[in-house]
Amino acid sequence: MKTAVIIGSGFSGMMFCRMLLDKNWKVIVVDKSKIVGGGVRTFWHGGHPFTYGPRHFIGPEENQAAFDYLNKVVPMRHLEKMNYSYQANEDYFASYPIHLDDVKNFEDGKEIIEEINNLPKETKSSNFEEYWTGRVGTKLYERFNKHYNLKAWQLEDNRSMDFGFEATVKRKPLETGSRYEFSEGYINAYPLAKNGYNDFFEFALNGSELVLGNGLKNIDLDKKTVYLEDGAKISGDLVVNTISPDILLDNCYGELAYVGRDFYKIVLPNENVLPKDVYFIYYPNLGEQQTRVTEFKKFTLHESKNSLITLEVPSMRNKLYPTMIKAEVEKAEKYINELPEGIISVGRMGTYRYVDIDDIIMQGLEFKKNI
Ligand SMILES: Cc1cc2nc3c(=O)[nH]c(=O)nc-3n(C[C@H](O)[C@H](O)[C@H](O)COP(=O)(O)OP(=O)(O)OC[C@H]3O[C@@H](n4cnc5c(N)ncnc54)[C@H](O)[C@@H]3O)c2cc1C
């Protein structure tokens, strides 16, 4: 029987674990945390279930196979979801994605529509700023995207975001008609169970050997041997890495840049805080620290006379988002390309790409075909 060692028990570690177990591998999963699940784990505060960040399933219809796979293990509910963006200059909550009906209500609505009508039909963009100004013009970019992006990615200049930024945009530039997010072409869903994805962890890890609270300290790549923080070592025929690949090569090309988030949990004495079907509010104005407020009841359908919201504030204290800066992406590729046969790097940090839950399931299903 062949042995695989998986570094990290987040969604990608679990998905790859299940795929290998299905193919009769012995699988050892190690995580520096004492609990499994990484970013998608549901926790409770005052009895209110929540995750760090919303973590709903949003995938294009071509990733239906990912939805079907997950839905069999963790039955899902389709979301009828809206988002707001607070426009401080007019004290107005606009829909996000940007909606033409809101634009018409803005003080400069006429100029905005004129600007949009004069945009070139085809534009090539080499960075985030060019991409958005080319799609919606400078006025809407300033209102909805400019400061939001500078804050969310802790940038000085949005032109420095010059790789893969399209992945952050799963929406049309300017919506008309329904204000519901992804009314067409996307699957937008959340687990029905109050504990969110947590039952998936048991399913995925069932049959594996788990080493928790004892992370990777270093690795002998050629021998496929993982050394843990407590000095133990584990060797395998395959190592599946889901953490930042610079760690595997002792940061020899420099540490990869990431942006993190601080999450603030606040319970308010109202049964509902945000209007019906509004799950998030984005804050794109200068002088605001938070990027987003989420009302978790909307996802979890938790019943209480109170409601839990979280405030997300960009931070450099943890590493959650790989950047979309070409020089960093190329550095990550250098690390990944140096991994010898028998060591693969997957998931969000492992690939240093903006991948979501649906992409990770698709990666796992594809991997299984080739084991
Ligand atoms: C705030 C936020 C909100 C998001 N919202 C959504 C969403 O709504 N929908 C969606 O589809 N996607 C969302 N995502 C993305 C999605 O959740 C991630 O892509 C996915 O969870 C990544 O899983 P992972 O296993 O690759 O990484 P992680 O979940 O980060 O897991 C990595 C694991 O590795 C462990 N680890 C770290 N260092 C070591 C070490 N040295 N040794 C051993 N183990 C270690 C960690 O403890 C962790 O358990 C969001 C991401 C963020 C940051």
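Let me start with one pair of helices in this predicted model, where helix α4 passes helix α5 in a right-handed crossing. On the α4 side the contact is made by E111, I112, E115 and I116, and on the α5 side by V136, G137, T138, K139 and L140. If we sort the residues of this contact by class, they divide into four nonpolar, two polar and three charged.

As for the geometry, α4 covers residues 109–117 and α5 covers residues 128–152, and their axes come within 7 Å of each other while crossing at roughly 155 degrees. Angles over 145 degrees count as roughly antiparallel, and the two helices are therefore roughly antiparallel to each other.

Stepping back to the whole chain, we have a division into domain 1, which is assembled from the stretches 3–41, 197–257 and 323–369, and domain 2, which runs over 82–179. The C-alpha centres of these two domains lie 35 Å apart, and where the domains meet, seven residues of domain 1 are in contact with nine residues of domain 2. The side of domain 1 that touches domain 2 has, by class, four nonpolar residues, one polar and two charged.

Finally, I would like to turn to a single residue, A327, which is found in helix α8, spanning residues 326–337. Is A327 buried or exposed? A residue counts as exposed if 12 or fewer other C-beta atoms lie within 10 Å of its own, and A327 has 12 of them within that distance, so A327 is exposed. The C-alpha atom of A327 is separated by 8.9 Å from that of F163, although these residues are 164 residues apart along the chain.

Methods: Residues are numbered from 1 along each chain as its sequence is written. This is a predicted model: local features need pLDDT of at least 70, side-chain atom pairs count only at pLDDT 80 or more; totals for chains, interfaces and linings use all residues. Axes are lines fitted to C-alpha atoms, for helices over the stretch in contact, and angles run from 0 to 180 degrees between N-to-C directions. Helices (H or I, at least four residues) and strands (E, at least two) are DSSP runs, numbered from the N terminus. Angles under 35 degrees count as roughly parallel, over 145 as roughly antiparallel, 65 to 115 as roughly perpendicular and the rest as oblique. A crossing is left-handed if the near helix is turned anticlockwise from the far one by less than a right angle, and right-handed if clockwise. Two residues are in contact if their C-beta atoms, placed from the backbone, lie within 7 Å. Ala, Val, Leu, Ile, Met, Phe, Trp, Tyr, Cys and Pro count as nonpolar, Asp, Glu, Lys and Arg as charged, and the others, Gly among them, as polar. Domain bounds come from an automatic or database domain assignment. A residue is buried if 20 or more other C-beta atoms lie within 10 Å of its own, exposed if 12 or fewer, and partly exposed in between; C-beta atoms are placed from the backbone.
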